[in-house]
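Student: I would like to work through a protein model with you, moving from its overall fold down to single residues. Could we take it step by step, with each term explained when it comes up?

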Amino acid sequence: MPVRLVTAASQRLALANTFSPHTAEFVAAAGSVSSIPRLAGLPEVVVTGRANVGKSTLLNAVMKRKSLVASSKKPGRTKTLTFFRIGPTPGKVVLVDAPGYGERGRPEWGELFNQYLETRAELCRVYILLNAKHGINEADKVMLRHLDEKIQSGSRWTLQAVITKADLVPLHRDTTISSIKRTIFENAPTCLPPIVTGSLKSTSTSVGVNDLRMSVMEACALALR
Ligand SMILES: Nc1nc2c(ncn2[C@@H]2O[C@H](COP(=O)(O)OP(=O)(O)O)[C@@H](O)[C@H]2O)c(=O)[nH]1
Ligand SMILES: [Mg+2]
C-alpha cells in the first residue's frame, strides 16, 4: 500500500481512539483557581470566545457527543471552567470550556480565566472562537491582543483561532472569512492559522471538526500514527 494511504488510515485510527464518545466524560467545574482539578498531568486545551460564539457546541462535536457540554440559549451562563477528559483510561487529553467574555467594552473574561492561563502547567493551547457572521468586535480584539502579549512574553501554550458558524456566511461572501483572518493576525501575530468550522448541528454536514481534532493532537504532542 502507498505510504500516504497507510498514514491516512493510521491517522484515522489514532483520532477515533482518542475522540470516542464512549470515553468522553465530564470531570469537574471549577469556580475558583483553588478548585481546578489535578488530572494526572494530562495535556489540556481550552476554548474561549464571546458568549454564544459556539464554544459548547464545538466541544460536543469534537467529543462526538450531543449534549455532554451544556449549551444554553441564554448567553453568559457558564461562569466556571468546565473540564472534560477524553480518551481511553486514564485519558489522553483534557478539554476545557471557559466562560464567555463580554459583548462590548472591556471583556469580562475574569480573574479565573487569567489565573488559569498563567498557572496551568498542563495547558498546551488556547483556542479563541470568532463568529463568522458577527465578525470581530472590540472585546475580541482586546482578548486577541491580551493572549498575543502573553505568548510574546513567554507562555507555555500556543494560540489558535477557530472561526465558527461559517455556514451562516454565504459562500460567495468568502471575503468575510478573509477579512476576519486579516483582523486576527493584525491583533495577534502569534496566532496559528485559523480553523474554519460550521454547520455543527448535524454531524453529516459539519465542517472543520476533524481539523480541530488533529490540531488538538498536534498541540498536545499526541502521536497521529
Ligand atoms: N448555524 C450554526 N449555528 C451554530 C453553530 N455552532 C453553534 N451554533 C448555535 O449557536 C448558539 C450558541 O451556541 P453555544 O455552543 O451554546 O455557544 P457558547 O455560548 O459559546 O457555548 C446555539 O444556538 C447553537 O446551536 C454552527 O456551526 N452553525
Ligand atoms: Mg457554552
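Student: In what order do the seven strands of the open sheet lie?

Tutor: This is a predicted model, in which local features need pLDDT of at least 70 and side-chain atom pairs count only at pLDDT 80 or more, while totals for chains, interfaces and linings use all residues. Residues are numbered from 1 along each chain as its sequence is written, and chains are lettered from A and ligands numbered from 1 in the order in which they are written. Strands are DSSP runs of E with at least two residues, helices are runs of H or I with at least four, both numbered from the N terminus, and two strands pair if DSSP finds at least two bridges between them. The pairing in this open sheet is mixed, and the order is β1-β3-β4-β2-β5-β6-β7.

Student: Which are the edge strands?

Tutor: An edge strand can be recognised here by its pairing on one side only. From one strand to the next, the twist averages 25°, where axes are lines fitted to C-alpha atoms, for helices over the stretch in contact, and angles run from 0 to 180 degrees between N-to-C directions. The edge strands are β1 (25–30) and β7 (192–196).

Student: In which sense do β2 and β4 pair, parallel or antiparallel?

Tutor: Strand β2 covers residues 44–49 and strand β4 covers residues 93–97, with four bridges between them. Within this pairing, Val47 stands opposite Asp97 in β4. The sense of the β2 and β4 pairing is parallel.

Student: How many residues of strand β3 are buried?

Tutor: A residue is called buried if 20 or more other C-beta atoms, placed from the backbone, lie within 10 Å of its own, exposed if there are 12 or fewer, and partly exposed in between. In a regular strand the side chains alternate between the two faces of the sheet. Both faces of β3 are covered, with Leu81, Phe83 and Arg85 buried on one side and Thr82, Phe84 and Ile86 buried on the other. Strand β3 (residues 81–86) is therefore largely enclosed by the rest of the structure, and its buried residues number six of the six.

Student: Which residue in the turn of the hairpin of β3 and β4 has a positive phi?

Tutor: The strands β3 and β4 run antiparallel and are joined by five bridges, and the bridge partner of Thr82 in β4 is Asp97. Six residues lie between the two strands of this hairpin, and the one in the turn with a positive phi, of about 100°, is Gly87.

Student: Why do the buried residues of α4 lie on the same side of the helix?

Tutor: Helix α4 (residues 138–152) has 15 residues and reaches 21 Å from its first C-alpha to its last, close to the 21 Å expected at 1.5 Å a residue, the expected span being 1.5 Å times one less than the number of residues. Its buried residues are Ala139, Asp140, Met143, Leu144 and Leu147. They are on the same side of α4 because the arc they cover around the axis, taken from the directions from the helix axis to the C-beta atoms, is only 135°.

Student: Which exposed residues does α4 carry on the face turned away from its buried side?

Tutor: The helix α4 lies across β5 (123–131) and β6 (158–164), running at about 160° to β5. On the face of α4 turned away from its buried side, the exposed residues are Glu149 and Gln152.

Student: Which strand gives the largest share of the largest nonpolar core?

Tutor: A nonpolar core is a set of buried Ala, Val, Leu, Ile, Met, Phe, Trp, Tyr and Cys residues joined through C-beta atoms within 7 Å. The largest one has 54 residues, and those with the most contacts inside it are Val45, Val62, Leu95 and Ile128. The largest share of this core is seven residues, and it comes from β5.

Student: Is Leu39 exposed, partly exposed or buried, and what does it touch?

Tutor: Leu39 is found in the loop between β1 and β2, and it has 16 other C-beta atoms within 10 Å, so it counts as partly exposed. Two residues are in contact if their C-beta atoms, placed from the backbone, lie within 7 Å. Not counting residues up to four places away in sequence, Leu39 touches Val27, Phe83, Arg85 and Val94.
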